[in-house]
Every structure is written in structure tokens, then in C-alpha cells.
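Hi,

Here is the structure I promised to send over. Have a look at it first, and my notes on what turned up are underneath.

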Amino acid sequence: MNATPATADVRQHILDVAHPLLLRKGFTAVGLAEILSAAQVPKGSFYHYFGSKEAFGEAVLEAYFADYLGRMDELLAQPGTAAQRVSAYFHDWLDSQTGDEAQSRCLVVKLGAEVCDLSESMRAALARGTRGITDRLARCIEAGRADGSLTAPRDAAQAGAELYQNWLGASLLAKITRDRTPLDTAMASTRQLLGLVATA
């Protein structure tokens, strides 16, 4: 039996329900009434957990990154070489952006440009989250240089940032063109930058 807002964490329930709405429509286009209706909670419950829509947006982003970085940590902690682990991460990204499930889409791609101009706190949440991603990539690249499985540039932090920028841009272009080619190109450039062999 599924938990209802009366028995589950109401704050998390609101965030979970809002996530697909924001992925489909963006932050500005989703009104408070729509969120409340979808979550089936009264207005007072919303303001009990979120002081404003801006605070709610920041919480949505923080929850998104907590889940994303948790998944990333799982992928980068798998057995095998660093090359195999980082390859698994980028294959997971490719699969998530080309799948049919709206839940798999990247919230950074959807909301990044929109909310950075609307809210400093939401911009800061995006900055913290994306820094968490690039830091993890840098550590994996350093591990790959240490175990000999990657022939990556010496500056692992710069390489991690470059890879994330490439994939973020490719995800946006794939959304615009409705074509996975930009993501396939990002995978090819990733292999070249890191010295990944085709079977990694």
C-alpha cells in the first residue's frame, strides 16, 4: 500500500510530485496551485515546509542533486578500474537522456538558465550541485591516472569541468534537436580526452 501525505514525509512528497511538473514545464510556468493540487496538500502545508516558491525551488534542486550525486557515487564506487567506473557513469548519463521516462531528464538542463536569472539562492544551489559532479569526476580521473587505466590530462579538475560542460551542452542540444547525435559526439570526445578504449 502506498504511503499518503498523511503518513509519509509531506515535505518530500511535495518535492517528489513537483519534480516531473518542473521537468515538463519549467519553474516559472508551474504555479503554486498546480503543485498543491498534484500533491493533494493544503496551502498551509506548503508554507510550513517552504517559506516561498523560491525556497521551494532551492529545495527541489537540493533534493535533485542529493539523488543525482548518490547515484553517481554508486557508479563511481563499482569494482574495476577508474576507466571502467567513469565509462559506466557516462553510459548511464547517455541512457538517462535518451530514455522515454521524463523522470530521467536533467533538471539542470531544464531549469539552469531560467532560474539563475530569477533567484540567487537557486543559482547557488545549482553551483553547489554541479561542483559536486565535477569534483567527483576529477577524483575519478586522478584515480585513473594512478591505476594506469586513463591517459587523462594532468589537471584532473579542469578535465572534469570540461567533460561536464560537454555533456551538459550535448544534453541541451539533444533536447533542442530531438536527436541523440550530440550525446554520441560527447561520448566520443570523452573517450578521446580520457584515453578510453572502445571496450571500457
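A residue is called exposed here when its relative accessible area is over 50%, and buried when it is under 20%. Keep in mind that this is a predicted model. With that cut-off, Ala146 counts as exposed because its relative accessibility is 69%. You'll find Ala146 in helix α7, residues 120–147. Its C-alpha lies 9.0 Å from that of Ala82, although 64 residues separate Ala146 and Ala82 in sequence.

Now for helix α1. It runs over residues 10–25 and spans 23 Å from first C-alpha to last, close to the expected 22 Å. There is a kink of about 30 degrees at Ala18, shortly before Pro20. At the start of α1, a side-chain oxygen of Asp9 comes to within 3.0 Å of the backbone nitrogen of Arg11. After the helix comes Gly26, with a positive phi near 90 degrees. The buried residues of α1 include Val10, Ile14, Leu15 and Ala18, and the buried set packs against α2, α3, α4 and α6.

You may wonder about the cysteines: how many disulfides does the structure hold? Zero. The sulfur of Cys106 has its closest cysteine sulfur in Cys116, and at 12 Å that is too far for a bond. Cys106 is buried, at 8% relative accessible area, while Cys116 counts as partly exposed at 32%.

On to charges. Side chains of opposite charge can pair when their charged atoms come close. The structure holds eight salt bridges, and these caught my eye:

- Arg71 and Asp92 meet at 2.7 Å, N to O. This pair links distant parts of the chain, with Arg71 in α4 and Asp92 in α5, 21 residues apart. Arg71 is partly exposed at 40%, and so is Asp92 at 24%.
- Asp73 and Arg136 also form a salt bridge, at 2.7 Å. Asp73 sits in α4 and Arg136 in α7, so this pair ties together parts 63 residues apart in sequence. Asp73 is partly exposed at 35%, whereas Arg136 counts as buried at 18%.
- Glu120 pairs with Arg123, the closest N and O atoms being 2.6 Å apart. Both lie in α7, three residues apart, which is about one turn of the helix.
- Glu58, Glu62 and Arg128 are joined into one network by salt bridges that share partners.

Cheers

Note on methods
Residues numbered from 1 in each chain as written. Predicted model: local features only at pLDDT ≥ 70, side-chain atom pairs only at ≥ 80, totals over all residues. Heavy atoms only, no water. Helix = DSSP H or I, 4+ residues; strand = E, 2+ residues; numbered from the N terminus. Expected span 1.5 Å × (residues − 1). Bend = angle between axes of the 7 residues up to and from the residue. Buried < 20%, exposed > 50% of the residue type's maximum accessible area, 1.4 Å probe, protein only. Contact = heavy atoms within 4.5 Å. Polar contact = N/O pair within 3.5 Å; in protein donor to acceptor, adjacent residues only side chain to side chain. Disulfide = S-S within 2.5 Å. Salt bridge = Lys/Arg side-chain N within 4 Å of Asp/Glu carboxyl O.
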